[in-house]
Amino acid sequence: MSSTPPPRDLERHDVAAPPTRDLVGLALAAERSRRPSPRHGAHAASPSGQSPDHRSSSSSSTCKDFLRKFVDNELLTASLEDWFSGNSEDCGFRKPAFDVPFDLTELQNFDYALEGVTFQQLVRMPNALHASTSDAFEATAHLALEDFLHAGIKGLWEAFWGPEEAMPFSVACIHSTSSRFYPAEKAISSGKLDGVCATAVLLKNSKHSQGRWDHIVVLTLLRPDVGMVSAQSDQHPSPAVLGEALFFALRVLLSRSLSRSSTVLRNSDSVYVLLVDSQFGGVVNVQGDLNKLRFDTNNVYECAAEWIKRDARITVSSVDRVWNKLGNANWGDVGTLQVLLAVFRSMIQFCGEPKYSLDELATEHSSRLQSRRSERHLVDRQSNGNGVYRFQQRSHSPEIVEVQEEGTVDVKPEEILKLEIGSIVLMEVSNCQKGFQINDIRTESEPPIYGAIPVEEPAKSYLLYVGSSPSHLEPAWENMNSWYQVQRQTKVLTLMKQRDISSRYIPQMVASGRVVHPGPCNKPNSSGSCGHPLCGTPILVTSPVGETISNLIRNGLFGVEDALRCCHDCLSALAAASSAGIRHGDIRPENVIRVSNGSRSPHFVLIGWGHAILEDKDRPSMNLFFSSTFALQEGKLCAASDAESLIYLLYFSCGGVCPELDSVEGALQWRETSWSRRVIQQKLGDVAAVLKAFADYVDSLCGTPYPMDYEIWLRRFRRTINEDHGKEVDTSS
């Protein structure tokens, strides 16, 4: 075998690994970097008194010797040649059929989650067809690859873990003659680009600023013609490239198994390797138990090949385009998504589950779809009477269609459980069952809210929400509404309870669980589904029960005293929630109920917390009539947004003229005109002077970062109610 490095021109078709002599030096240097200092001894002990890598000193030494001799990827590829070609007994004389690491559903969900994420590759990937010189082309390609990986991990970190914490990863090249990792710019300036064998995303470590093999999070091999060769071999990498990927994957796993870090040790059974050229890319994932590897230091390549063929699980993605002809990454295409998803899973290996889950970010696709429909003027105000967007699904088609005002489309989705008055729902809660009898349908909206009484305590009454089966969340828009109403509201109310938010003006969660459907249930686990249409359907039960403002207005039962109390009570709820950084985001007549408790004065409770804003990434519900100006313009809330929505609720509830709104632009124009001409203030002033003053106060805060002073306005409303109506306002909350 040649002792000099082969040409590194990315234009060439043949793929050559760095020479044996260089990787021997790398192995020896890496071994020196892992040795403990003399004052800690040859085998430093963990606090528990055991070796941190849980190996005996002899087996650890054997593994080190094995790794030191495992330096030539061509020898490993040669050992796997019969296996690749299907001439081996190990594969039944058939070519190995590799599964894919990600299916299309995973990539689609990942694509939804990344819709709001910005990636920016500043160094363009050069186009091989227009490369002036091979040296300049290769240098630019390495710089572009590093910038692509940096943009990827930066965007993923800020989207899933948040921008508040510093990103614990870096990107660097691996040189074949030393254990050091350094940026491509340094390799280029020092004339060592020919020795670069891979590019890695590394876990930062202040004690080892030069980087170490066991700190490799994900490895990338920049090799020529990955896409061209794959096109000739069923969209998979060539045996030479795949053999090199398996070689580097096993080196990383062996290095991790020798690490002194418990975090690294936990991930010594799986690694992702990315294969790219200047246009295309693919992913190889290697998983396996290294304890099954036979550490025969006299026959390292046969042992490694045997482990790969018999004990490792290897998945290989198709090779798809990553960069376009201008050198920009196609961030939303399959090729790039595969690479990003491999990087994302590798980040989770070392940093744990992210702050924001993939499913949480993916559900925001529905909010963005809702906003897009409003931009395109596709809303139907008459479909539910308050400007909330509503869709229905035909039973024979997966398409989402708009409900026509004339009622020509009247197909109800079958996925949502419909309950009738008198029916009993069994709910599984903490390994026990609770029964609730439906005695009323409280709202006519979709999905409905039911009044229910517990079978064991018939004197009590609760509100009951029914969600959609998890397998049915995708097809129909109503199902997403039910997801917010049940699953998301359950999360918010649970969080409020954990943060000790207690107020009589905020609903209390009584129970949450899943429907117990008739017939046998053979679901594989507590979170799975047996295939029954109702299996896994979530239910939320809350207290208290009341009449919605929309029903009160319809029946002419909402008066002046109600307006004052409603404003006071809703402000109390908003004040309590804001103390924990929670905002409502969906104030409208259907989400405020009046509760009557016998001899006590009625009070109002703010319900419908499914769209609550917990963090900056959350988006409020968009409503042409009740959303704040800032929400319609920016898609998020300012400090006074909930109060502004409350003003609109009171304005329309007290007889304000209801405009014809069919677009966001029209809704914003109506708001600007109404506030500037003081139409809203004057209408509320006819009800009570304090409402007019409050409207002026909210108008002065709209769109600004200044916080609401809830306490001063709560005192003013309490004083007005007590003086004008002679009834004490309950301040016990």
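**Helix crossings and single residues in a predicted model**

Mentor: In this predicted model, the axes of helix 5 (residues 104-113) and helix 12 (residues 334-351) come within 10 Å and cross at roughly 85°.

Trainee: Why are helix 5 and helix 12 called roughly perpendicular to each other?

Mentor: Angles from 65 to 115 degrees count as roughly perpendicular, and the crossing of helix 5 with helix 12 is roughly 85°, so the two helices are described as roughly perpendicular to each other.

Trainee: Which residues of helix 5 and helix 12 meet?

Mentor: From helix 5 come Glu106, Leu107, Phe110 and Asp111, and they meet Val334, Leu337, Gln338, Leu340, Leu341, Phe344 and Arg345 of helix 12. By class, that contact divides into 7 nonpolar, 1 polar and 3 charged residues.

Trainee: How do you know that helix 16 and helix 18 are roughly antiparallel?

Mentor: The axes of helix 16 (residues 560-578) and helix 18 (residues 641-653) come within 11 Å and cross at roughly 160°. Angles over 145 degrees count as roughly antiparallel, and therefore helix 16 and helix 18 are given that description. As for handedness, helix 16 passes helix 18 in a right-handed crossing.

Trainee: What makes up the contact between helix 16 and helix 18?

Mentor: In helix 16 the residues are Ala563, Cys566, Cys567, Cys570, Leu571 and Leu574, and in helix 18 they meet Asp642, Ala643, Leu646, Leu649 and Leu650. The contact of helix 16 with helix 18 has 10 nonpolar residues, no polar ones and 1 charged residue.

Trainee: Turning to single residues, why is Thr199 called buried?

Mentor: Buried means under 20% relative accessible area, and Thr199 has a relative accessible area of 1%, so Thr199 counts as buried. Thr199 has its place in strand 3 (residues 196-203). Leaving aside neighbours within four places in sequence, Thr199 is in contact with His142, Leu145, Glu146, Leu149, Val171, Ala172, Cys173, Val218, Leu219 and Thr220.

Trainee: What makes Asp500 exposed, and where does Asp500 lie?

Mentor: The cut-off for exposed is over 50%, and Asp500, with a relative accessible area of 68%, is therefore exposed. Asp500 lies in the loop between helix 14 (477-498) and strand 15 (508-515), and its phi is near 60°, a positive value in a residue other than glycine.

Trainee: Why is Arg678 called partly exposed?

Mentor: Partly exposed covers what falls between under 20% and over 50%, and because Arg678 has a relative accessible area of 31%, Arg678 is placed in that class. Arg678 is found in the loop between helix 19 (664-676) and helix 20 (679-687), and Arg678 has a positive phi of about 60° although it is not a glycine.

Trainee: Which peptide bond is cis, and what is its omega?

Mentor: The bond from Ser543 to Pro544 is cis, with omega near 5°, and Pro544 lies in the loop between strand 16 (538-543) and strand 17 (547-548).

Trainee: How many helices and strands does the chain have, and what share of its residues count as buried?

Mentor: The chain has 22 helices and 19 strands, and 55% of its 733 residues count as buried. Among contacts between residues at least 6 apart in sequence, 68% join residues at least 24 apart. The accessible surface of the chain comes to about 32,500 Å², of which 48% belongs to carbon and sulfur atoms.

Key:
Residues numbered from 1 in each chain as written. Predicted model: local features only at pLDDT ≥ 70, side-chain atom pairs only at ≥ 80, totals over all residues. Heavy atoms only, no water. Axes fitted to C-alpha atoms, helices over the stretch in contact; angles between N-to-C directions. Helix = DSSP H or I, 4+ residues; strand = E, 2+ residues; numbered from the N terminus. Parallel < 35°, antiparallel > 145°, perpendicular 65-115°, else oblique. Left-handed = near helix turned anticlockwise from the far one by under 90°. Contact = heavy atoms within 4.5 Å. Nonpolar A, V, L, I, M, F, W, Y, C, P; charged D, E, K, R; others polar. Buried < 20%, exposed > 50% of the residue type's maximum accessible area, 1.4 Å probe, protein only. Areas by Shrake-Rupley, 256 points an atom, 1.4 Å probe, with all protein chains shown as cover.
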